[in-house]
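Open the model in your viewer and keep the sequence panel visible. The tour goes from stop to stop; make each selection before reading on.

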Amino acid sequence: MCGIVGYVGDRQAAEFLLDGLSKLEYRGYDSAGIAVYNDGVIRVEKSVGRLAALRDKIKGNVPVGSLGIGHTRWATHGRPSDVNSHPHTDCHGDFAVVHNGIIENYLSLKEELIAKGHVFKSETDTEVVVHLLEEVYSGDFVAAVRAVLERIEGSYALTFMSRRHPDLLLCTKQDNPLIIGLGEGENFIASDIPAIISKTRRTYILGDGELAIVRKDTVEVTNHLGAPVPKKVFEVTWNAEAAEKGGYEHFMLKEINEQPKAVRDTMSQRIAGDRKAVSFEELAWDADYLNSFNKIYIVACGTAYHAGLVGKYYIEKLARVLVEVDVASEFRYRDPIVDEHTLLIVVSQSGETSDTLAALKESKRRGAKTLAITNVVGSSVAREADQVAYTWAGPEIAVASTKAYTTQLVLFFMLALYMAEIKGTIPAERTAKLVAQLHEIPAQISEILSDVDPIKTFAKQYGFNEDVFYIGRGLDYAVSLEGALKLKEISYIHAEAYAAGELKHGTLALIVEGVPVIALATQRSVYEKTLSNIKEVKARDAVVIGIAAQGDTELEKYVDHVMHVPVADEFIMPILSVIPLQLLAYYAAITRGCDVDKPRNLAKSVTVE
């Protein structure tokens with residue numbers, strides 16, 4: 001969840017550390033800090049709050065030196081404060097460490113170290129790591145770090161520096177991402193590609209249990225026993241500009257507007273040559289493979305979970321296979337019925353979501369076949385799963401996911417069509433028509449994005465309400481859940497989504513005069529039922545904003561406002577109807593003066609349980 005950077009070379013380290021951290025603030029922004037070696041001393045500067053607070057603190061007195069580490073924090077152990085900020089140092093300032101993750105046995109280690117005379121300054125679990133390093137060090141930096149790793153338990157990405165070894169950094173990971181950027185006469189360490197993309201495209205992606213010895217001219221990667229691990233260079237294909245705002249006020253707005261391209265890129269290479277069918281060359285499934293499963297699980301968190309709900313509908317409707325969707329944080333703790341006849345599909349934008357990764361590993365242990373849907377090449381879920389299907393959405397920096405969600409929907413729809421073709425559950429003519437509609441989606445999204453003024457008006461009019469409700473049936477209900485989440489996470493409005501048919505079973509008690517209700521009515525198969533539910537909330541004097549297909553004049557009779565999306569097949573509608581909901585959340589957050597890209601208490605990639 002936190003962001004880590006490191007530099008070793010001939011240039012001033014602080015320049016890269018501060019710039020790299022600015023690219024990683026989406027991973028956490030409760031506090032920030034850097035440690036830089038110079039002339040026998042590690043100078044540590046850190047501050048609670050955004051990176052700007054640290055910049056202000058060291059303005060005119062930036063640490064000098066060509067070896068350093070940095071950190072931007074999302075607080076887990078210990079409240080946000082100067083003293084709890086990373087980097088942490090030992091009693092004598094010989095070592096410094098930055099950490100992403102949780103040290104599960106920190107308390108017993110801390111008690112042991114205190115008994116031996118170590119003095120702790122913070123409330124964090126991380127500080128035990130650097131004191132333990134001090135305790136076991138006897139001249140061999142690498143051996144001491146290995147000894148530390150044998151004692152600690154939990155999930156982590158760690159980067160170490162020592163004033164006694166000013167020519168190198170050490171870094172390692174377990175269940176948390178860490179990459180090494182390969183330069184000329186300099187090398188970089190980071191939690192994620194945006195931090196290093198302006199410096200190099202050549203990277204090593206560290207695997208669990210690997211330890212990297214990083215000098216300015218060499219990078220040596222070993223396993224936990226010290227044996228060399230050959231690493232392939234991963235070339236980053238997107239450019240530095242892709243991780244910048246590009247003239248937009250916020251990353252979220254930029255990423256909303258990138259959805260036509262992201263959807264197009266995700267579909268490319270997956271449409272058969274005759275443009276009438278779907279092709280997944282990376283999967284190469286056949287009927288025997290699919291028929292070996294009696295159940296499919298889709299497991300994910302947050303927005304990816306909502307994409308899974310739509311995916312369930314697609315697969316069951318088109319491929320006629322039983323699908324169960326579960327929240328990853330609950331899945332492995334309920335002793336799920338998983339065996340060799342189960343296909344587990346995990347969904348994670350970052351590919352590093354700890355709960356999702358744990359569910360994946362547990363299912364593999366029980367014999368399930370696994371497929372990862374992710375946006376990040378070489379991520380943990382991509383490496384762990386038997387197979388992977390990438391959403392080619394490009395870098396997504398805003399905490400609130402937008403283009404990752406729509407590309408996940410597109411990928412699920414194409415996967416369902418692919419499965420249906422193999423199983424023969426829908427006619428080829430129907431498949432061809434649906435594939436033809438896939439080609440229209442980018443242009444249809446662009447059409448929605450071309451006229452956002454009505455959405456801005458609704459946001460200004462209702463942005464200061466403290467409660468908003470979303471309703472829908474079928475696929476509309478799944479999309480309403482995502483719409484409500486977007487509004488909650490960036491505008492801090494209490495928003496809840498309900499299956500429209502459930503209103504009369506309790507939820508109507510919450511509908512009072514003037515409360516906004518966002519009603520999705522894009523599914524023709526349940527359209528009349530949805531209309532009856534809309535009438536129920538209107539009878540209680542709610543203000544209803546409808547989401548409907550263009551040309552739908554019937555809905556206008558029963559709601560206060562309508563936002564239209566282009567006409568498409570029911571299966572396509574979730575990919576279109578979520579766009580105005582994303583925009584509504586964005587402009588509501590602007591209306592309320594919220595920090596859109598960095599909502600309070602949240603971070604982009606959840607790498608701790």
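How many of the 11 residues of helix α1 (residues 13-23) are buried? Select the helix and colour it by accessibility. Eight are buried, so α1 is mostly covered. This is a predicted model.

**Stop 1: helix α1 and the sheet beside it**

Show the side chains of Ala13, Ala14, Phe16, Leu17, Leu18, Gly20, Leu21 and Lys23, which are the buried residues of α1. They pack against β1 (3-8), β2 (31-38), α2 (51-58), β4 (67-73) and β10 (187-190).

Next, select the sheet. It is an open sheet of eight strands, in the order β3-β2-β4-β1-β10-β9-β11-β14, and the pairing is antiparallel. At its edges stand β3 (41-48) and β14 (234-235); each has a single partner strand, so one side of each lacks a neighbour in the sheet.

Zoom in on β1 and β4, an antiparallel pair joined over six bridges. Tyr7 stands opposite Gly68 in β4. Strands in a sheet pair through backbone hydrogen bonds, in either the parallel or the antiparallel sense.

Now bring the helices back. Helix α1 lies across β1, β2, β4 and β10, and runs at about 160° to β1. Helix α2 also packs on the sheet, where it touches β2 and β3, and its direction makes about 130° with that of β3.

**Stop 2: the cysteines**

Select Cys2 and show its sulfur. Which cysteine sulfur is closest to that of Cys2? The closest is in Cys171, 16 Å away, which is too far for a bond. A disulfide is a covalent bond between the sulfur atoms of two cysteines. The cut-off used here is 2.5 Å between the sulfurs, and by this rule the count of disulfides is zero.

Compare the surroundings of two cysteines. Cys2 is buried, with a relative accessible area of 7%. Cys91 is partly exposed, with a relative accessible area of 34%.

**Stop 3: Val346 and strand β17**

Move to strand β17 (residues 342-348) and pick out Val346. Is Val346 buried or exposed? Val346 is buried, because its relative accessible area is 1% and the limit for buried is under 20%.

Draw a distance between the C-alpha atoms of Val346 and Val299. The two are 47 residues apart in sequence and 4.9 Å apart in space. Apart from residues up to four places away in sequence, Val346 touches Val299, Thr356, Leu360, Leu371, Ala372 and Ile373.

**Stop 4: strands β18 and β19**

Ile373, one of the residues that Val346 touches, leads to the next selection. Show strand β18 (residues 369-374) with β19 (387-390): the two run parallel and are joined by four bridges. The bridge partner of Ile373 in β19 is Ala389.

Turn on the side chains of β19. Gln387 and Ala389 point one way, Val388 and Tyr390 point the other way, and all are buried.

**Stop 5: Glu396 in a loop**

Follow the chain into the loop between β19 and α13 (403-423), and select Glu396. Glu396 is buried, with a relative accessible area of 5%.

What does the side chain of Glu396 make a polar contact with? The partner is the side chain of Ser401, at 3.0 Å. A polar atom of the Glu396 side chain also lies 3.2 Å from the backbone nitrogen of Lys403.

**Stop 6: a parallel sheet**

Select the open sheet of five strands in the order β21-β20-β22-β23-β24, in which the pairing is parallel. Its edge strands are β21 (494-499) and β24 (561-565), and each pairs on one side only. From one strand to the next, the twist averages 20°.

Strand β20 (residues 467-472) pairs with β21 in the parallel sense over six bridges. Ile471 has Tyr498 as its bridge partner in β21. Add helix α16 (residues 453-462), which packs on the sheet and touches β22 (516-520), β23 (543-549) and β24; its direction makes about 145° with that of β24.

**Stop 7: the nonpolar cores**

The largest nonpolar core has 125 residues, of which Ile315, Ile345 and Tyr470 touch the most other members. Select Tyr470 and its contacts. Beyond four places in sequence, these include Ala495, Ala497, Tyr498, Ile518, Leu581 and Leu584.

For the last selection, show Val130, Leu133, Val145 and Leu168, which are among the 26 residues of a second, separate core. In soluble globular proteins, nonpolar side chains tend to be buried together.

How values were computed: Residues numbered from 1 in each chain as written. Predicted model: local features only at pLDDT ≥ 70, side-chain atom pairs only at ≥ 80, totals over all residues. Heavy atoms only, no water. Pairing = 2+ DSSP bridges. Axes fitted to C-alpha atoms, helices over the stretch in contact; angles between N-to-C directions. Contact = heavy atoms within 4.5 Å. Buried < 20%, exposed > 50% of the residue type's maximum accessible area, 1.4 Å probe, protein only. Polar contact = N/O pair within 3.5 Å; in protein donor to acceptor, adjacent residues only side chain to side chain. Core = buried A, V, L, I, M, F, W, Y, C linked by side-chain atoms within 4.5 Å.
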